[in-house]
Amino acid sequence: MILYITLIHFQKKTWCIHMSNYMQRQSGATWYPILKGLEVIIVGAGGLGSFISLSVSRLGCDITLFDYDNYESHNLTGQLVSHNQVGMNKANAIKDTISMFTPSCNLDAIPEKYTSDSITGPIVIVGPDNNEARKIAFDNWVSVNWENPNAIFLDARSGWDVIEIFCVTKKDADWYYNTLLASDSYAEESCSTKQTTYCVQMAASFIANYLKNHISYVNGIGAYDVPRYTNYNLTLMELSNDLEYL
């Protein structure tokens with residue numbers, strides 16, 4: 001009995017040490033106090049949304065995550081899902097995953113389809129597999145007269161070996177809407193129909209970095225660059241900020 005109580009005490013003490021120290025390596029960053037606890041809404045918990053959730057949680061942000069779908073076995077190729085999570089709702093599964101990797105992150109899993117009646121916020125990140133879902137999320141976001149200087153709409157898209165990142169403010173609304181009117185062939189080839197883990201991980205890294213840069217810039221802690229559009233071809237290793245298909 002005494003041994004059992006001592007073991008429990010040791011486990012709790014060890015857990016507290018990990019909780020207090022696991023983010024220590026970035027706690028001195030100038031942007032960390034601003035990003036810590038910042039509320040971020042993420043629409044989609046597939047290949048893009050799952051890895052974006054992990055990257056954003058490691059910035060110190062809190063997350064509200066929407067996805068009504070369940071993980072299937074074929075999702076193991078390009079999504080942050082383990083074998084024992086197949087069959088689970090994606091949002092709930094990612095909440096469990098984030099609790100292991102970033103236990104300080106408050107993640108609210110919403111196992112529902114994101115609709116025009118869903119909540120929005122100053123910071124919204126989307127990574128679904130279709131432009132219809134992007135448009136609904138953007139319509140909700142752009143309809144609010146945000147006085148919050150942190151307001152930004154971030155859109156990640158990926159294909160087999162190409163990623164696209166859109167960083168949208170209110171002044172870019174018309175320009176961004178035009179990117180949602182692209183042909184069906186574009187949507188089929190460049191969204192989430194085919195994904196590789198390394199590709200979506202890189203897209204998630206871009207998203208986290210641009211979010212950090214934007215928050216840093218608007219809060220006056222650095223002259224960080226945030227291009228409104230980024231295209232990176234992983235095969236050719238070519239980076240471009242020119243949107244050629246409009």
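**Figure 1. Strands E7 and E8 pair in this predicted model.** The two strands run antiparallel and are joined by 3 bridges. Within this pairing, Asn-231 stands opposite Ser-240 in E8. The hairpin of E7 and E8 has 4 residues between the strands, and Met-237 takes a positive phi near 55° there.

**Figure 2. Strand E7 is enclosed by the rest of the structure to a large extent.** The strand covers residues 229–233, and 5 of the 5 residues are buried, so E7 is largely enclosed. In a regular strand the side chains alternate between the two faces of the sheet. In E7, Tyr-229, Asn-231 and Asn-233 point one way, whereas Thr-230 and Tyr-232 point the other way. The residues on both sides are all buried.

**Figure 3. Strand E6 pairs with E7 and with E5.** E6 and E7 run antiparallel, with 5 bridges joining them. The bridge partner of Ile-163 in E7 is Tyr-232. Strand E5 (residues 152–158) and strand E6 (residues 162–168) are likewise antiparallel, and 6 bridges join them. In this pair, Phe-153 stands opposite Val-168 in E6. Helix H5 (residues 131–142) packs on the sheet and touches E5 and E6, as well as strand E1 (39–43) and strand E4 (123–126). The direction of H5 makes about 175° with that of E5.

**Figure 4. The open sheet is built from 8 strands.** The strands follow the order E3-E2-E1-E4-E5-E6-E7-E8, and their pairing is mixed. Strand E3 (107–110) and strand E8 (238–240) stand at the edges; each has a single partner strand, so one side of each is left without a neighbour in the sheet. From one strand to the next, the twist averages 15°. Helix H4 (residues 90–101) lies across strand E2 (62–66) and E3, and H4 runs at about 160° to E3.

**Figure 5. Helices H3 and H8 cross at roughly 45°.** Two packed helices are described by the angle between their axes and the distance between the axes. The axes of helix H3 (residues 47–57) and helix H8 (residues 197–218) come within 8 Å. Their crossing angle makes H3 oblique to H8, and the crossing is right-handed. On the H3 side, the contact is made by Gly-47, Leu-48, Phe-51, Ile-52, Ser-55 and Val-56. The residues of H8 that take part include Thr-197, Val-200, Ala-204, Ala-208 and Leu-211.

**Figure 6. Cysteine residues appear in a model with 0 disulfides.** A disulfide is a covalent bond between the sulfur atoms of two cysteines. To be counted here, the two sulfur atoms must lie within 2.5 Å. The closest cysteine sulfur to that of Cys-61 belongs to Cys-105 and is 8.0 Å away, which is too far for a bond. Cys-61 is buried, with a relative accessible area of 0%. Cys-167 is also buried, and its relative accessible area is 3%.

**Figure 7. The whole chain contains 8 helices and 8 strands.** The chain has 246 residues, of which buried residues make up 47%. Among the contacts in the chain with a separation of 6 or more, 66% are between residues 24 or more positions apart.

Note on methods
Residues numbered from 1 in each chain as written. Predicted model: local features only at pLDDT ≥ 70, side-chain atom pairs only at ≥ 80, totals over all residues. Heavy atoms only, no water. Buried < 20%, exposed > 50% of the residue type's maximum accessible area, 1.4 Å probe, protein only. Pairing = 2+ DSSP bridges. Axes fitted to C-alpha atoms, helices over the stretch in contact; angles between N-to-C directions. Contact = heavy atoms within 4.5 Å. Parallel < 35°, antiparallel > 145°, perpendicular 65-115°, else oblique. Left-handed = near helix turned anticlockwise from the far one by under 90°.
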